[in-house]
Amino acid sequence: MHPIVELCNGVIKLRSSSYKPDIVIRDKKGKLLHVIDIKSGFNTQYNIDQAAALRFKMFAMKYEIPVEVVVPNLKSFRVKIIGTTKKFTPVTKHNLNYTIDELVKEEEAE
């Protein structure tokens, strides 16, 4: 997400940070369609702590696409976007045939 940063004239360095999504789906031209992080739930009890939320924000800022947090079920999955000024509620989906824009519009309609 960012390289090593030198502080105090190079005497000390701030460690770099990285984030690797679980799944990245691109279109035929290479454009990011879905950036997915798979979790077992949407709250801090299940690994979406402040550090994870910050990584999602930094990724979205750098690549201009939000991370979709996905909680799989047997025949469907719930998806939620975290870290935006707009609060999203989990939406149940059965496939990835949707766009981020459609996900946002669904949230606005509810």
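A strand, in the sense used here, is a DSSP run of E with at least two residues, and strands are numbered from the N terminus. In this predicted model, Leu 7 has its place in strand 1, and that residue is a useful starting point for a look at the surface, at the largest pocket, at a pair of charged side chains and at two loop residues.

**The nonpolar surface patch**

- Val 5, Leu 7, Val 11, Ile 12 and Leu 14 together make a nonpolar patch on the surface, with an area of about 420 Å².
- Two elements, strand 1 (5-7) and strand 2 (12-14), each supply at least two residues of this nonpolar patch.
- Leu 7 has a relative accessible area of 35%, and it is therefore classed as partly exposed, a class that lies between the cut-offs of under 20% for buried and over 50% for exposed.

**The largest pocket**

- The largest pocket holds about 210 Å³ of space, and among the residues that line it are Ile 25, Lys 31, His 34, Pro 66, Tyr 98 and Asp 101.
- Strand 4 (32-38) and helix 2 (100-109) are the elements that give two or more residues to the lining of this pocket, and the largest share, three residues, comes from strand 4.
- When the lining residues of the largest pocket are sorted by character, eight are nonpolar, two are polar and two are charged.

**The salt bridge**

- How many salt bridges does a search of the whole structure find? The search finds one, and it joins the side chains of Lys 39 and Asp 37, with a distance of 3.2 Å from N to O.
- Both partners, Lys 39 and Asp 37, are buried, a word that stands for a relative accessible area under 20%.

**Two loop residues with positive phi**

- Asn 9 is found in the loop between strand 1 and strand 2, and its phi is near 55°, which is a positive value in a residue other than glycine.
- Is Asn 9 buried or exposed? Asn 9 counts as exposed because its relative accessible area is 85%, and the cut-off for that class is over 50%.
- Glu 64 lies in the loop between helix 1 (50-63) and strand 5 (68-72), and its phi, near 60°, is likewise a positive value in a residue other than glycine.
- The relative accessibility of Glu 64 is 74%, so this residue is counted as exposed.

Key. Residues numbered from 1 in each chain as written. Predicted model: local features only at pLDDT ≥ 70, side-chain atom pairs only at ≥ 80, totals over all residues. Heavy atoms only, no water. 1 Å grid on protein atoms, 1.4 Å probe; cavity = no way out; pocket = protein on both sides within 12 Å on 5 of 7 lines; lining within 4 Å. Points joined across faces, edges and corners; volume = space filled by probe spheres on them. Helix = DSSP H or I, 4+ residues; strand = E, 2+ residues; numbered from the N terminus. Nonpolar A, V, L, I, M, F, W, Y, C, P; charged D, E, K, R; others polar. Patch = residues over 30% accessible without salt bridge, like charges linked within 9 Å, V, L, I, M, F, W, Y side chains within 5 Å. Areas by Shrake-Rupley, 256 points an atom, 1.4 Å probe, with all protein chains shown as cover. Salt bridge = Lys/Arg side-chain N within 4 Å of Asp/Glu carboxyl O. Buried < 20%, exposed > 50% of the residue type's maximum accessible area, 1.4 Å probe, protein only.
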